[in-house]
Amino acid sequence: MRLPPTGIVAASSAAAAPPHRSASPDAAATPGSGPRSSAPADAETEAQRAKRVQKQAKDCERWKARLLQSSPIVRFMRDELARAGCPFPPGLFRCQPCDAGAPAAIAGGFVPTQGIVLCQETLVNRDHMEDTMAHELIHAFDQCTTRVDWSQCAHLACSEIRAANLSGDCKFGRELKRGNWALAAKHHQACVKRRAILSLQNAKNCAEGHVAEEAVRHVWPHCFPDTAPFDEIY
Ligand SMILES: [Zn+2]
């Protein structure tokens with residue numbers, strides 16, 4: 001991957017590199033323990049809450065172990081990261097509860113110095129986790145292979161476009177594995193664009209006004225066709 005043009009610069013007040021949070025593909029998704037009760041959330045007792053959190057943590061760990069072992073896209077990305085000189089360490093992925101105060105449900109996040117967080121209360125099933133792991137691994141790949149500056153909205157936009165394009169966020173990865181290469185391209189592109197903008201809007205320094213839309217539009221011609229480490233797809 002080559003660096004995107006950097007015409008759009010993050011607000012100068014940006015401090016540390018932001019985590020790259022991927023919004024849930026289904027922002028309305030509820031934490032995954034069966035149908036939601038019609039009772040208000042605060043009706044949950046402390047004991048019920050503790051039980052729910054425990055189940056979410058257990059499911060998260062179970063899905064993670066299974067995917068690390070058997071997911072083709074996770075294994076492919078692991079091999080490509082190793083080939084690029086950034087083998088991923090044990091413990092790269094962490095299941096944890098995430099900040100529920102974000103505008104959209106957050107499924108996961110990549111923090112360059114800390115690894116990849118999997119938001120156990122948002123992930124609804126193993127497929128959802130697989131898409132999220134693939135998305136965050138694209139960010140890890142970009143971190144490994146480019147001089148990316150996460151505080152710049154243009155750089156972030158580029159990586160978010162690639163992550164939405166190449167993970168299962170828009171079901172591209174899944175369809176690719178099935179051999180369905182001739183998807184409705186326009187629909188896919190619209191999905192990638194929307195997902196990338198949503199992710200940028202979750203990053204504090206790219207959320208204002210039309211910064212997210214502008215950043216995505218600006219780097220799109222350069223970054224959408226960049227499918228590394230996958231082979232060319234068209
Ligand atoms: Zn992302």
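Tutor: In this predicted model, two residues are in contact if their C-beta atoms, placed from the backbone, lie within 7 Å.

Student: Leaving aside neighbours within four places in sequence, which residues is Val216 in contact with?

Tutor: Val216 is listed with those that have the most contacts inside the largest nonpolar core, a set of 51 residues. Once its neighbours within four places in sequence are set aside, the residues in contact with Val216 are Ala157, Ile161, Lys193, Ala196, Ile197 and Leu200.

Student: Where does the largest nonpolar core lie with respect to domain 1 and domain 2?

Tutor: Among the 51 residues of this core are Leu118 and Ala215. Helix H4, residues 153–166, supplies the largest share, 9 residues. Domain 1 (48–145) and domain 2 (149–234) both contribute residues, so the core lies between them.

Student: How many of the 14 residues of H4 are buried?

Tutor: A residue is buried if 20 or more other C-beta atoms lie within 10 Å of its own. H4 is largely enclosed by the rest of the structure, because the buried residues number 14 of the 14.

Student: Is Lys171 buried or partly exposed?

Tutor: Lys171 is found in the loop between H4 and helix H5 (172–178). Around Lys171 there are 17 other C-beta atoms within 10 Å. Being buried requires 20 or more and being exposed 12 or fewer, so Lys171 is partly exposed.

Student: Which residue in E4 is the bridge partner of Gln96?

Tutor: Gln96 belongs to strand E2 (residues 93–96), where Gln96 and Arg94 point to one face and are not buried, while Phe93 and Cys95 point to the other and are buried. Strand E2 runs parallel to strand E4 (residues 115–119), and 4 bridges join them. In E4, the bridge partner of Gln96 is Cys119.

Note on methods. Residues are numbered from 1 along each chain as its sequence is written. This is a predicted model: local features need pLDDT of at least 70, side-chain atom pairs count only at pLDDT 80 or more; totals for chains, interfaces and linings use all residues. A nonpolar core is a set of buried Ala, Val, Leu, Ile, Met, Phe, Trp, Tyr and Cys residues joined through C-beta atoms within 7 Å. Helices (H or I, at least four residues) and strands (E, at least two) are DSSP runs, numbered from the N terminus. Domain bounds come from an automatic or database domain assignment. Two strands pair if DSSP finds at least two bridges between them.
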